[in-house]
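User: Hi, I have a structure to go through today. Can you help me read it?
Analyst: Sure, put it up and ask away.

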Amino acid sequence: MPLKHSSPDTISSSSDSVRLLSRETLRISASLASPPDDLLPQALPDSSHFLRSTLRLICCEEIDGRRWKYVAESDGSGKFKRNSVVRAVSLESPRTPFDEVGSFLRSYVVPEGFPASVNESYVPYMTFRALKHFFGGAMGVFTTQTLLNSVGASRNSSASAAVAINWILKDGAGRVGKMLFARQGKKFDYDLKQLRFAGDLLMELGAAVELGTAAVPHLFLPLACAANVVKNVAAVTSTSTRTPIYKAFAKGENIGDVTAKGECVGNIADLMGTGFSILISKRNPSLVTTFGLLSCGYLLSSYQEVRSVVLHTLNRARFTVAVESFIKTGRVPSLQQGNIQEKIFTFPWVEDRPVMLGARFKDAFQDPCTYLAVKPFFDKERYMVTYSPTKGKVYALLKDQASSDDILKAAFHAHVLLHFMNQSKGGTSKSVEQLDPPAFAPREYELESRIAESCEMVSTSYGIFKSSAAEQGWRMSESLLNPGRARLCHMNDEEE
């Protein structure tokens, strides 16, 4: 029987169908093997289905209301590849420019956690306060011009107005600096002594710049503006830290009386200092020498002033002192000892610290295998701690249900782990705040061993540390450890 020959069009159509069926089969297979699209970094090309199929979810994280997922490449068996790169994927749509501007402005004009962090009278109070300062600022231009006219600054009205405007610009620049620095917000609570002393350093710097205008009078306006910015930043620091310091002195409901008397003492001393300077200025002393001596006296007095304050709460500096003492001696220092040993000459905005509390996942882990090795130790805890040999830091990551006590425990555990890591490289004599980056990179099993040792010590010692600290008068429930805002989320919830 003769074979039936197909036409060329039929053969072409059949070939196209086979190719289409094969391509569709491959596409469906790749789609089934790949994770959901929202797990993938935006940088990945959409056409690369086979690359997508190698990605595996590590964990989820939330920071300031925005959620992230971390993924890394896995091999055919579903395990992570060795030294695979951890990739962060945002689960939120990009903010609009309007939202970005609104968030930027809120960071300057309302406290953190607003409106939950203040009571309902805050908004009307600040509204009328803003109106008061508006009218006061407007009136200040005319009063300044009048005062300059009164002392004979210029008989020409236009020249007098120009001088007044320059003077107002100088003061306005200072107010801008005050506003910008006010964004530090909670740092005035967390690192009160450190910021207070840093503010006094800035005050002296501003005074030095003002004196520099005598050498270059043609640069008066820019130098005066710069000096006023620096001095107003110092004024914000002094004002913001004044009430907590007076609160530490007050017993009962007498904070207003303590504040009033403290300010009175300051004003009396200021007037006496003014009179003293008038007397010695009549002898025409060397300006540079006089300024140097007075500045030294000012800064030494400031340093001793903040050192003398005894605070009952544990910020990062005092917590470090307490944990170091407990690890070395088994005892928690008293309030006086802990405050005296606290480091004052540090800058709170510098994040180069050996312990990072509330760190982000991408900073703590560069390798998903390290995360999987560390994770089982903290399944029953609301935090995790790990060590980065490349950065020489211990990272404490907080889970989304972490309470105040969990934050304290995470910080305690981080210092204990740092102590063990320091021991392993023979540096036990160093303070944990002075550690250099390690000269060795511990292998994975060594890190697991150190974490296991730290877990054992924390399980037996944390309760003792808390009770000993409470006996010494430390307020553990009001800690000011300033943890980061990143929190690890439940993965199951995210996958759903």
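User: Which residue forms a salt bridge with Arg-242?
Analyst: Glu-263 does. The closest N and O atoms are 3.2 Å apart. Keep in mind that this is a predicted model.

User: Where do those two residues lie?
Analyst: Arg-242 lies in helix H8, residues 220-249, and Glu-263 lies in helix H9. They are 21 residues apart in sequence, so the pair ties those parts together.

User: Are they buried or exposed?
Analyst: In between. Arg-242 is partly exposed, with a relative accessible area of 23%. Glu-263 is also partly exposed, at 29%.

User: What lets side chains pair like that?
Analyst: Side chains of opposite charge can pair when their charged atoms come close.

User: How many salt bridges does the structure hold?
Analyst: It holds 15. One of them joins Lys-466 and Asp-405, at 2.7 Å from N to O. Lys-466 lies in helix H16, residues 444-471, and Asp-405 in helix H15, so the bridge ties together parts 61 residues apart in sequence. Lys-466 is partly exposed at 29%, and Asp-405 is partly exposed at 30%.

User: What about Arg-450, which residue does it bridge to?
Analyst: To Glu-453, with the closest N and O atoms 3.2 Å apart. Both sit in helix H16, three residues apart, which means about one helical turn separates them. Arg-450 is partly exposed at 23%. Glu-453 is partly exposed at 29%.

User: Which residues are joined into one network by salt bridges that share partners?
Analyst: Lys-193, Arg-318 and Glu-342.

User: Back to H15. How many of its residues are buried?
Analyst: 17 of its 21 residues are buried, so helix H15 is largely enclosed by the rest of the structure.

User: And what span should it have?
Analyst: H15 covers residues 404-424. At 1.5 Å a residue, it should span 30 Å. Its end C-alpha atoms are 31 Å apart, which agrees.

User: New topic: rings. How many aromatic pairs are there?
Analyst: A search of the whole structure finds twelve. One of them is Phe-361 with Phe-365. Their centres are 5.1 Å apart and their planes are at 35°, so the pair is tilted: stacked needs under 30 degrees and edge-to-face over 60. Both rings belong to buried residues: Phe-361 has a relative accessible area of 0%, and Phe-365 has 2%.

User: Which residues do ring pairs link into a cluster?
Analyst: Phe-319, Phe-326, Phe-412, Tyr-462 and Phe-465.

User: What lies over the face of Trp-68?
Analyst: Arg-360, at 5.0 Å from the ring centre.

User: Which residues make the nonpolar surface patch?
Analyst: Phe-128, Leu-131, Phe-134 and Phe-135 make it, and the patch is about 490 Å². Phe-135 is found in helix H4, residues 122-150. Phe-135 is exposed, at 55% relative accessible area.

User: Last topic, the backbone. What is the phi of Asn-284?
Analyst: It is positive, about 50°, although Asn-284 is not a glycine. Most residues other than glycine have a negative phi. Asn-284 sits in the loop between helix H9 (255-281) and helix H10 (287-308).

User: What about Asn-482?
Analyst: Asn-482 has a positive phi too, about 55°. Its place is the loop between strand E8 (475-480) and strand E9 (486-489).

User: Buried or exposed, those two?
Analyst: Asn-284 is exposed, with a relative accessible area of 67%. Asn-482 counts as buried, at 18%, because the cut-off for buried is under 20%.

Notes: Residues numbered from 1 in each chain as written. Predicted model: local features only at pLDDT ≥ 70, side-chain atom pairs only at ≥ 80, totals over all residues. Heavy atoms only, no water. Helix = DSSP H or I, 4+ residues; strand = E, 2+ residues; numbered from the N terminus. Expected span 1.5 Å × (residues − 1). Buried < 20%, exposed > 50% of the residue type's maximum accessible area, 1.4 Å probe, protein only. Patch = residues over 30% accessible without salt bridge, like charges linked within 9 Å, V, L, I, M, F, W, Y side chains within 5 Å. Areas by Shrake-Rupley, 256 points an atom, 1.4 Å probe, with all protein chains shown as cover. Salt bridge = Lys/Arg side-chain N within 4 Å of Asp/Glu carboxyl O. Phe/Tyr/Trp six-rings, centres within 6.5 Å; stacked < 30°, edge-to-face > 60°. Lys NZ or Arg CZ within 6 Å of the ring centre and 35° of its normal.
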